Amino acid sequence: MSIADTIRNVFVPVHREGYPFIAGFAAVTILLGFFSTSLFWIGAILTAWCAYFYRDPERVTPVDDRLVVSPADGVVSAVGPAVPPRELGLGNAEMTRISVFMNVFSCHVNRAPVRGKIVRIEHRPGKFLNAELDKASQENERNGVVIDSPNGQVAAVQIAGLVARRIVCWADVGGNIGVGERFGLIRFGSRVDVFLPAGAVARVAVGQTAVAGETVLAEFGGASHAPLVRVS
């Protein structure tokens, strides 16, 4: 491995959505430096954190229509049946829901859990409750993306949280999206729910760490039971 490769591996790319915020933090830091060295270093740390928050690393995504990958970095906070938000048009029956909670240190670029055609995108205003709460799925501000996949319609719902006040989605209705492809982000802590049709078997457990675009959340056509897990 060359020195250039080593440098590229250490310095993760930053998503363009973060440029204005990083520039703002940096400008304030320089201004504070004229008044106090201590304030300058506090600002420098916050600027570095902002750049870290908007990091956008490459991911190695398994390309297999049987697999559902995580749309977000974070911790799996819920696995089980739930009724999808009404605006998604997926009916009133329960679907398998897997939730991934992102804290303020997680990478917040969201990726498609499956490949297919985007048939619906719906944004709903709402509250800004703690995104770890189960009721956040229905009460918080959210943006839902429905993908018509080879195994049926799959939804990825971006949910705002206590700190997160801005959901960004750059996908378009009618367009095709590949598994693991970037489709949006949520600023400063939040959650993404994945709603899966019948036939999907969860392959993760609550408390497990997920990596967007890499961790397999569920599988279609696999054994009809979730794996046993232990914490060690």
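Start inside the protein: this predicted model has one cavity of 30 Å³ or more. Its volume is about 60 Å³.

To see the walls of this largest cavity, select Asp 64, Asp 65, Leu 67, Val 114, Arg 115, Ser 149, Pro 150, Asn 151, Val 179 and Phe 220. Try colouring them by character: the lining divides into five nonpolar, two polar and three charged residues.

Keep Leu 67 and Phe 220 from that lining in view, and bring up the strands S1, S14 and S12. They form an open sheet of three strands in the order S1-S14-S12, paired antiparallel. Its edge strands are S1 (67-69) and S12 (200-202), each of which pairs on one side only. From one strand to the next, the twist averages 30°.

Now zoom in on S12 and S14 (residues 216-220), where three bridges join the antiparallel strands. Which residue stands opposite Ala 200 in S14? Select Phe 220 and you have the partner, a residue you already met in the cavity lining.

Next stop: S10, residues 182-186. Is this strand largely enclosed or open? Four of its five residues are buried, so S10 is largely enclosed by the rest of the structure.

Add the strands that pair with S10. Strand S4 (residues 109-111) pairs with S10 in the antiparallel sense over three bridges, and here Arg 111 stands opposite Arg 182. Then select strand S8 (residues 167-169), which is also antiparallel to S10 and joined to S10 by three bridges. Finish at Val 168, whose bridge partner in S10 is Leu 185.

How values were computed: Residues numbered from 1 in each chain as written. Predicted model: local features only at pLDDT ≥ 70, side-chain atom pairs only at ≥ 80, totals over all residues. Heavy atoms only, no water. 1 Å grid on protein atoms, 1.4 Å probe; cavity = no way out; pocket = protein on both sides within 12 Å on 5 of 7 lines; lining within 4 Å. Points joined across faces, edges and corners; volume = space filled by probe spheres on them. Nonpolar A, V, L, I, M, F, W, Y, C, P; charged D, E, K, R; others polar. Buried < 20%, exposed > 50% of the residue type's maximum accessible area, 1.4 Å probe, protein only. Helix = DSSP H or I, 4+ residues; strand = E, 2+ residues; numbered from the N terminus. Pairing = 2+ DSSP bridges. Axes fitted to C-alpha atoms, helices over the stretch in contact; angles between N-to-C directions.
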